[in-house]
2 protein chains.
Amino acid sequence: MANDRHALNNPAIANFQVGVDNVIFSVDLHSQKLFVLLSKRLQQPFQGVWSLPGTLVRKGESLEQAADRILKEKIKVNSLYLEQLYSFDEFACNPWGSASQLGIRYLSVSYFALVRFEEAELIAREGGMTAWFLVKEIPTLACDRDRILHYGYRRLRNKLEYSPIAFDVLPAVFTLNELYQFYGTVLGENFADYSNFRSRLLKLGFLKDTGLKSSRGAGRPAKLYRFDSEAFAPLKDKPMVFI
Amino acid sequence: MANDRHALNNPAIANFQVGVDNVIFSVDLHSQKLFVLLSKRLQQPFQGVWSLPGTLVRKGESLEQAADRILKEKIKVNSLYLEQLYSFDEFACNPWGSASQLGIRYLSVSYFALVRFEEAELIAREGGMTAWFLVKEIPTLACDRDRILHYGYRRLRNKLEYSPIAFDVLPAVFTLNELYQFYGTVLGENFADYSNFRSRLLKLGFLKDTGLKSSRGAGRPAKLYRFDSEAFAPLKDKPMVFI
DNA sequence: ACAAAAGTGTTGGTGTTACACCCATGG
DNA sequence: CCATGGGTGTAACACCAACACTTTTGT
């Protein structure tokens, strides 16, 4: 084999196992809290320590498939947004066993997800060792995963400001107040005036009045809107701010 | 070994070689052209076809170190900006020999670089098979690398609009016209009026007049400015537009 | 003096902010 | 009829695009 120098037995070229780590966010509109999904490690190293849901990539499986698999192992959810975050080479810390003792390095490709909270059902398997944590109250994570989490949090806030990922996890119809709550929960309470938020969003033209109303006790019932992806399409890639 | 199931001989876990591919941009202020660095492949597959400068990651070497190594193999440059772009899992195409025949997958982590054109000196090694190409006139690249290049080009334009990477590759002192040319070359000629560009940049307050002047033949000599990173620091992370 | 290049000013329009106000409903 | 939440309007201000204009140099 002419190219053996590039193959496994070449001492110069590193061999890797590639892991996927998910930073999964969710917004609870009811309590107006932002959560991130953590799971407790079942094996050494860092057994019993909270960490990001992750896995090693299997044969025949793409990175995104691996991210999706680990997500579906932890929660049952249909509405979600998923994108790649960053790749970290982890010299110090391979969370998946003894491979490093065999000279195999570990690379963590992180993914960022946003899921619908009301619909997300935690899967109880593995002794319920998966739970939502308030983003403001994260414990110290195994294997320096805090760094990845913060990177994901920053991405979430940025994404929210210039792309329509909120509509991937909001219900099909929603009130402008719910949308406002959503943004406020992620970006902080004083990110914008409600009235200005309304006019800006409506002027963009991709929120359609469904004619339906939603009443919650006293007060004037709110119009229900839906996200019109066709009306949004031409705005794609355009710089746009929802702030 | 208790964790053998996670080790190399586990049939379920994929083994990878990780490659780094660089999208290296440079702006020639003189000709007002945007270039990208390509190198001709010296080995099979795709021998003789233009591609992005890349390498396999070696043992003991971080991803960024690998990106930096391959960059320094091709050009000699001091002033540059480098950041990770994206990770692509390449099922179909491993450009580094026969590893895939051994069941080893290939993952490409791409990096994005911007270098100072005037200073960048192509290294003639390997029969001069490295050259600057006009971004507008890219040949078809080996192994679907065009996708990576376009992704990098998009990133370049975005970065330029909201972060000060231009100052990493401009000379220490420069005229506002040179800065304007730089932006115009990357973003397209009609990205903004010169006069408005001036006032916006100067109002931001991180360009300091050095008191020096630069004259190029006829015409009023231009003030030379420098980028004041201390004055910029408080603006970091703040949304900011240079457009 | 004139052309060339740098730098300044003006003006109309648009977007943003911080409010005050009006509308629809339940109790 | 009033408390509650939804929805609209507006005055002050900041910002921006487009363009005309002035200043400083070389020849």
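Buried here means under 20% relative accessible area. By that criterion, B:Phe117 is buried. B:Trp132 is buried as well. The model is predicted, and every value below is computed from it.

The aromatic contacts are considered next. Over all chains, the count comes to 44 aromatic pairs. One of them joins B:Tyr81 and B:Phe112, with ring centres 6.2 Å apart. Their planes stand at 70 degrees, and planes over 60 degrees apart count as edge-to-face, so this pair is edge-to-face. The two residues come from distant parts of the chain. B:Tyr81 belongs to strand β6 (residues 80-90) of chain B, and B:Phe112 to strand β7 (residues 104-116) of chain B. In sequence they are 31 residues apart. The relative accessible area of B:Tyr81 is 17%, so this residue is buried. B:Phe112 has a relative accessible area of 0% and is therefore buried.

The rings of B:Phe117 and B:Trp132 have their centres 5.7 Å apart. Their planes are at 50 degrees, so the pair is tilted. B:Phe117 sits in the loop between β7 and β8 (121-122) of chain B. B:Trp132 lies in strand β9 (residues 130-134) of chain B. The pair therefore ties together parts that are 15 residues apart in sequence.

In chain A, ring pairs build a cluster. Its members are A:Tyr180, A:Phe182, A:Tyr183, A:Phe191, A:Tyr194 and A:Phe197. Charges over rings also occur. A:Arg157 lies over the face of A:Tyr153, at 4.2 Å from the ring centre. In chain B, B:Arg157 lies over the face of B:Tyr153, with 4.2 Å to the ring centre.

A further contact in chain A involves A:Ile75. This residue is part of strand β5 (residues 75-76) of chain A. With a relative accessible area of 1%, A:Ile75 is buried. Its C-alpha atom is separated by 4.5 Å from that of A:Leu122. Along the chain, A:Ile75 and A:Leu122 are 47 residues apart.

Attention now turns to a sheet of chain A. Strands of a sheet pair through backbone hydrogen bonds, either parallel or antiparallel. Here, three strands form an open sheet in the order β10-β12-β11 (chain A), and the pairing is antiparallel. The edge strands are β10 (173-174) and β11 (207-214) of chain A, each of which pairs on one side only. Two bridges connect β10(A) with the antiparallel strand β12 (residues 222-227) of chain A. A:Val173 has A:Arg226 in β12(A) as its bridge partner.

The last region is the surface near DNA strand C. 20 residues surround this strand. The closest are A:Asn196, B:Asn177, B:Ser195, B:Arg198 and B:Lys223. Of the atoms of DNA strand C that come within 4 Å of the protein, sugar and phosphate account for 62%. The surrounding residues divide into six nonpolar, seven polar and seven charged. Three elements each supply at least two residues of this surface: α6 (194-204) of chain A, α6 (194-204) of chain B and β12 (222-227) of chain B.

Polar contacts reach both bases and phosphate. A polar side-chain atom of A:Arg220 is 3.2 Å from a base oxygen of DNA strand C. For B:Ser195, a side-chain N or O atom is 2.7 Å from a base oxygen of this strand. B:Lys223 instead uses its backbone: one of its backbone N or O atoms lies 2.6 Å from a phosphate oxygen of DNA strand C.

Terms used: Residues numbered from 1 in each chain as written. Chains lettered and ligands numbered in written order. Predicted model: local features only at pLDDT ≥ 70, side-chain atom pairs only at ≥ 80, totals over all residues. Heavy atoms only, no water. Pairing = 2+ DSSP bridges. Helix = DSSP H or I, 4+ residues; strand = E, 2+ residues; numbered from the N terminus. Near = heavy atom within 4 Å. Polar contact = N/O pair within 3.5 Å; in protein donor to acceptor, adjacent residues only side chain to side chain. Nonpolar A, V, L, I, M, F, W, Y, C, P; charged D, E, K, R; others polar. Phe/Tyr/Trp six-rings, centres within 6.5 Å; stacked < 30°, edge-to-face > 60°. Buried < 20%, exposed > 50% of the residue type's maximum accessible area, 1.4 Å probe, protein only. Lys NZ or Arg CZ within 6 Å of the ring centre and 35° of its normal.
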